[in-house]
Amino acid sequence: MSNPASLAHQISLFRSRIQNRSFDDVTVRILDSVLVSKDVRSLIGVGSALKQFMRDESLLIFREIADESVEIKLMCTDFLIRVFAVIGDVESCLALRYEALVMREEKTTTNPGLQVMCKEWLTFVEHSLENGFHSIAIQACEKALTPSKENRAAHPKQDNFFHDVHALKKIKILKDAALLTISSRSVQAQAEAYLKQKKITESTQELTTFIEPKSSGSSRFRNGIIKRNLRKLHDYQCLPQLS
């Protein structure tokens with residue numbers, strides 16, 4: 001879409017549908033049409049503006065549906081995940097996917113159909129790590145490795161027994177790898193901070209060394225003036241007083 005007027009109209013239409021809570025395929029298609037501009041500079045600006053718009057709207061949406069059923073919440077979350085995926089906001093997309101999985105986990109006791117499979121947690125962890133979001137990957141690993149999950153996987157009557165056992169083993173490996181990565185980054189950050197502070201200290205010392213001789217010379221000059229003035233005062237006082 002290269003026509004500026006047409007692009008502005010489509011953006012306005014998309015925003016309007018979101019604000020009217022029209023969560024359907026038509027809204028997603030309109031967003032798709034907005035983000036096919038051949039003008040790269042324009043596309044970056046539009047994408048950034050839409051990302052912020054959707055982040056703000058998603059907060060409002062979740063406040064509005066706070067008292068709704070888990071099914072409604074999951075439906076809205078799924079739509080928002082699709083929108084953020086089209087916009088290219090990986091961080092928001094992963095955050096909402098995590099919230100959806102947690103929501104389902106919390107309602108499993110009353111609605112077994114919402115149960116999250118180990119494979120789903122594994123897929124989420126892999127996607128998080130691939131995109132560099134290690135902290136949320138670790139949180140997902142901890143959710144997946146709860147005792148209830150491991151007990152279910154160890155129960156031979158489960159149809160997906162072997163899949164769950166394999167997924168849990170892989171999740172444990174990925175968790176250890178993510179923790180190691182975060183730890184390594186922490187050590188690297190501390191080392192960089194130390195080197196930066198060391199450079200500042202060395203620069204300060206060099207500056208002090210450069211300034212001190214000048215300060216010392218200036219002090220000697222001032223002291224010389226004071227002594228000369230004192231001698232003049234002494235000589236004046238020794239002169240015969242006029243009666």
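The secondary structure of this protein comes to nine helices and zero strands. The model is a predicted one. Along the sequence, the pattern reads α-α-α-α-α-α-α-α-α. One helix pair, α1 with α2, is described below.

**Whole protein**
- The protein has 243 residues, and buried residues make up 30% of them.
- About 16300 Å² of the protein is exposed.
- Carbon and sulfur atoms supply 57% of that exposed area.
- Take the contacts between residues at least 6 apart in sequence: 61% of them join residues at least 24 apart.

**Geometry of α1 and α2**
- Helix α1 covers residues 4-19, and helix α2 covers residues 25-34.
- The two helices pack at an angle of about 150°.
- Their axes lie 9 Å apart.
- Angles over 145 degrees count as roughly antiparallel, so α1 and α2 are roughly antiparallel to each other.
- The crossing of α1 past α2 is left-handed.

**Contact between α1 and α2**
- From α1, the contact is made by Leu7, Gln10, Ile11, Leu13, Phe14, Arg17 and Ile18.
- From α2, Val26, Thr27, Ile30, Leu31, Ser33 and Val34 take part.
- By class, this contact has nine nonpolar residues, three polar residues and one charged residue.
- Arg17 of α1 counts as charged.
- Gln10 of α1 counts as polar, as do Thr27 and Ser33 of α2.
- Among the nonpolar residues in the contact are Leu7 and Phe14 of α1 and Ile30 and Val34 of α2.

Key
Residues numbered from 1 in each chain as written. Predicted model: local features only at pLDDT ≥ 70, side-chain atom pairs only at ≥ 80, totals over all residues. Heavy atoms only, no water. Axes fitted to C-alpha atoms, helices over the stretch in contact; angles between N-to-C directions. Helix = DSSP H or I, 4+ residues; strand = E, 2+ residues; numbered from the N terminus. Parallel < 35°, antiparallel > 145°, perpendicular 65-115°, else oblique. Left-handed = near helix turned anticlockwise from the far one by under 90°. Contact = heavy atoms within 4.5 Å. Buried < 20%, exposed > 50% of the residue type's maximum accessible area, 1.4 Å probe, protein only. Areas by Shrake-Rupley, 256 points an atom, 1.4 Å probe, with all protein chains shown as cover.
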